[in-house]
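Work through the exercises below with the sequence and the model side by side. Try each task before reading its solution.

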Amino acid sequence: MGSLFNIVFNFINSRYNKICFLTLSGADVLELFGQIAMRHGEGLSHSLRLTATADGKLVSATVNGKPVDPNAKYRVATLDYLAQGNDHMEAFRKKTDVVSPTGEENNVRHIIEQYFKAADAKGEAVSCTVEGRMKIVEK
């Protein structure tokens, strides 16, 4: 991997966030998805699909193709910075069962870098596509 990659990667990952695991109730997950809709999207897991209006109101949300159950418990992986309720993600403040590893190997920068290095070692290109995890619809 060349120096341009390292410069860009260091720039976009300057906070050295760590991965964090937590539990939210389904009602809190819906609140969180509403906050994400107001921001017109955030990084969403492959298993999530959100639909929101252009003015940022959540219309629907599914996890693994099923509607969110307000009474269920959901295990969430996120950045420790967001888990503290930052960036208007206040629903995360209701978290329980938090596991927040502190080792350098848990820095998101390190995890992503290892992913790229593993792909590079196999001679594979890392690609990205728009998957439609969040749709904006008319009111």
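**Exercise 1. Start with R109 and E113. How many residues apart are they in helix α4, and what does that mean in helical turns?**

Solution. R109 and E113 both lie in α4 (residues 108-121), 4 residues apart, so about one helical turn separates them. Next, check the bond. R109 forms a salt bridge with E113, with the closest N and O atoms 3.3 Å apart. The criterion is a side-chain nitrogen of Lys or Arg within 4 Å of a carboxyl oxygen of Asp or Glu. Then check exposure. R109 has 15% relative accessibility and counts as buried. E113 is buried too, at 13%. Here, buried means under 20% relative accessible area, exposed over 50%, and partly exposed in between (1.4 Å probe, protein chains only).

A note on conventions. The model is predicted: local features need pLDDT of at least 70, side-chain atom pairs count only at pLDDT 80 or more, and totals for chains, interfaces and linings use all residues. Residues are numbered from 1 along each chain as its sequence is written, and side-chain values use heavy atoms, with hydrogens and water left out.

**Exercise 2. Examine the geometry of α4. What span should its 14 residues have, and which of its residues are buried?**

Solution. Take the length first. At 1.5 Å a residue, α4 should span 20 Å, and its end C-alpha atoms are 20 Å apart, which agrees. The expected span is 1.5 Å times one less than the number of residues. Now the buried set: V108, R109, E113 and A119. These residues cover an arc of only 130° around the axis, so they sit on the same side of α4. The arc is taken from the directions from the helix axis to the C-beta atoms. Finally, look past the helix end. Just after α4, G123 takes a positive phi of about 75°.

**Exercise 3. Lay out the overall fold. How many helices and strands are there, and in what pattern do they follow each other?**

Solution. Count the elements: 4 helices and 7 strands. Both are DSSP runs, numbered from the N terminus: helices are H or I with at least four residues, strands are E with at least two. Along the sequence, the pattern reads α-β-α-β-β-β-β-α-β-α-β. Next, ask how far contacts reach. Among contacts between residues at least 6 apart in sequence, 70% join residues at least 24 apart. A contact means heavy atoms within 4.5 Å. Then the surface. Of the 139 residues, 32% count as buried. The protein exposes about 8,800 Å², and carbon and sulfur atoms supply 55% of that area. Areas come from the Shrake-Rupley method with a 1.4 Å probe; for residues, only the protein chains shown count as cover.

**Exercise 4. Map the largest nonpolar core. Which element gives the most residues to it?**

Solution. The core has 20 residues. Such a core is a set of buried Ala, Val, Leu, Ile, Met, Phe, Trp, Tyr and Cys residues joined through side-chain atoms within 4.5 Å. L22, L24, L32, F33, I36, V68 and F92 have the most contacts inside this core. At least two residues each come from β1 (19-25), α2 (26-38), β2 (48-53), β3 (58-63), β5 (73-79) and α3 (80-83). Helix α2 gives the most, with 4 residues.

Now follow F92. Beyond four places in sequence, F92 touches L22, L24, L32, V76, T78, L82, A83 and G85. Turn to T78, in strand β5. T78 is buried at 12% relative accessible area. With neighbours within four places set aside, T78 is in contact with K18, I19, C20, L22, A83 and F92.

**Exercise 5. Find the salt bridges. How many does the whole structure hold, and which residues form a network?**

Solution. The search finds 4 salt bridges. Take D28 and K94: their closest N and O atoms are 3.7 Å apart. The pair links distant parts of the chain, with D28 in α2 and K94 in the loop between α3 and β6 (96-99), 66 residues apart. D28 is buried at 13%, whereas K94 is partly exposed at 41%. D28, E31 and K94 are linked in a network of salt bridges. Another bridge joins D55 to K57, at 3.6 Å between the closest N and O atoms. D55 is partly exposed, at 31%.
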